[in-house]
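Let's take a walk through this one, strand by strand and then out to a pocket. Have the model open beside you as you read.

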Amino acid sequence: MRLLVLGGTEFVGRAVVEAALGRGWDVTVFNRGRFASAPGTRSLTGDRTAPGGLDALAEGDWDAVVDTWSAAPRAVHEAARLLRGRARRYVYVSSCSVYTWAPPAGYPEDAPVVEGAEPDAEQSDYARDKRGGELAVVDAFGAESSVLVRAGLILGPYENVGRLPWWLTRIARGGPVLAPGPRELPLQYVDARDLAGWILGAVERELSGPYNLMSPQGHATMGELLKACVRATGSDAELRWTAPEIILDAGIEPWTELPVWVPPGSDMHDALHAADVSRAVATGLACRPVEETVADTWAWLRSIGGEAPQRPDRTRKGLDPEVEAKVLAAGSGGPGPGGVPGTTL
């Protein structure tokens, strides 16, 4: 297979490149050259936001294109139109954010999507930008040659958003840790490497259309995720499980200040951790254990000196230590089994 990855040096793009190389595919990457490409790839340099920025793609043919763009849909539109007729399939890594907020628990791929998106629009907001990117691909390649990967929470090595890296570095620091409950809270996410494996399988199977791409709900729980962080880091951290209402009353923002976590029973939890993924599972999605994702991310973090890269277009994640200490002191950790405050793992 001849694969063109637009990007290919960070997080999901890097995972796709490494997975394709592992299968013996011929991989070309196109990017601005700010980061080194994986050994074994052919590199093309250009800036799709600049005039003439796609000139390096003027020639060449590929079996598939993978595009992870998340800003102005116009950039996807221009790339897809340029590559039309020279690639058999266009895979666009979109987002479950394209669904009209807030989708109910169990929402499938035909749930309503946001309005106002255009395939050749300038940057607006994340949901409309991703939906516009989808429209741009379908407009250029048609529905039968387009794969729309509606990912949710993505974790794993090379993460440049700051969710799992924050938890790992916080837990590695040790001491009492504000652990947002309940510990049995079901999570839905995908390891970037499993996402990449499914994408390559979709190319091989010549799939088309939209797919909710994350693990089945409950593949891991909040408790399992944080316990895996304790084990991977070898830390003496004490997970102080704290009731959601205590966290919310303290003004702590779910998802951003406490990455991954959103309170149970909320619209936000249903939207982020309760999608119907039966279509992806039926077409080959396999998700590795949470322990492997956490351990491998920690090993990668240590290999780069412990500081994860941060995308400039994403807000920094994590809780201020003073806020954490204040909540722990006031609540003594919240309820554990049987409702006993201050229980640790």
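Start with a single pair: W62 sits opposite A87, a residue of strand β5. Keep in mind as you look that this is a predicted model. That pair belongs to a longer run of contacts between two strands, since 5 bridges connect β4 with β5 and the two run parallel.

Now look at what β4 does with its other neighbour. Strand β1 (residues 2-6) is joined to strand β4 (residues 62-67) by 4 bridges, and this pairing is parallel too. To find one of the partners, go to L6, whose bridge partner in β4 is D67. As for burial, 6 of the 6 residues of β4 are buried, so the strand is largely enclosed by the rest of the structure.

Zoom out and you get the whole sheet. It's an open one with 7 strands, in the order β3-β2-β1-β4-β5-β6-β11, and the pairing is parallel. What stands at the edges? That's β3 (42-45) and β11 (209-213), and each has a single partner strand, so one side of each is left without a neighbour in the sheet. On average, neighbouring strands here are turned by 20° against each other, ignoring direction.

Next come the helices that pack on this sheet. Helix α1 (residues 11-22) touches β1, β2 (26-31), β4 and β5 (87-95), and its direction makes about 165° with that of β1. Helix α5 (residues 192-205) packs on the sheet as well, touching β1, β4, β5, β6 (146-151) and β11. The direction of α5 makes about 150° with that of β5.

Finally, let's leave the sheet and look for empty space. Rolling a probe the size of a water molecule over the atoms shows where such space is left. The second largest pocket holds about 220 Å³. Which residues line the second largest pocket? You'll find G162, P165, W166, T169, L301, G306, E307, A308, P309, Q310, R316 and K317 there. Helix α4 (residues 164-173) gives the largest share of that lining, with 3 residues. By character, the lining of the second largest pocket is a mix: 5 nonpolar residues, 4 polar and 3 charged.

Methods. Residues numbered from 1 in each chain as written. Predicted model: local features only at pLDDT ≥ 70, side-chain atom pairs only at ≥ 80, totals over all residues. Heavy atoms only, no water. 1 Å grid on protein atoms, 1.4 Å probe; cavity = no way out; pocket = protein on both sides within 12 Å on 5 of 7 lines; lining within 4 Å. Points joined across faces, edges and corners; volume = space filled by probe spheres on them. Nonpolar A, V, L, I, M, F, W, Y, C, P; charged D, E, K, R; others polar. Pairing = 2+ DSSP bridges. Axes fitted to C-alpha atoms, helices over the stretch in contact; angles between N-to-C directions. Contact = heavy atoms within 4.5 Å. Buried < 20%, exposed > 50% of the residue type's maximum accessible area, 1.4 Å probe, protein only.
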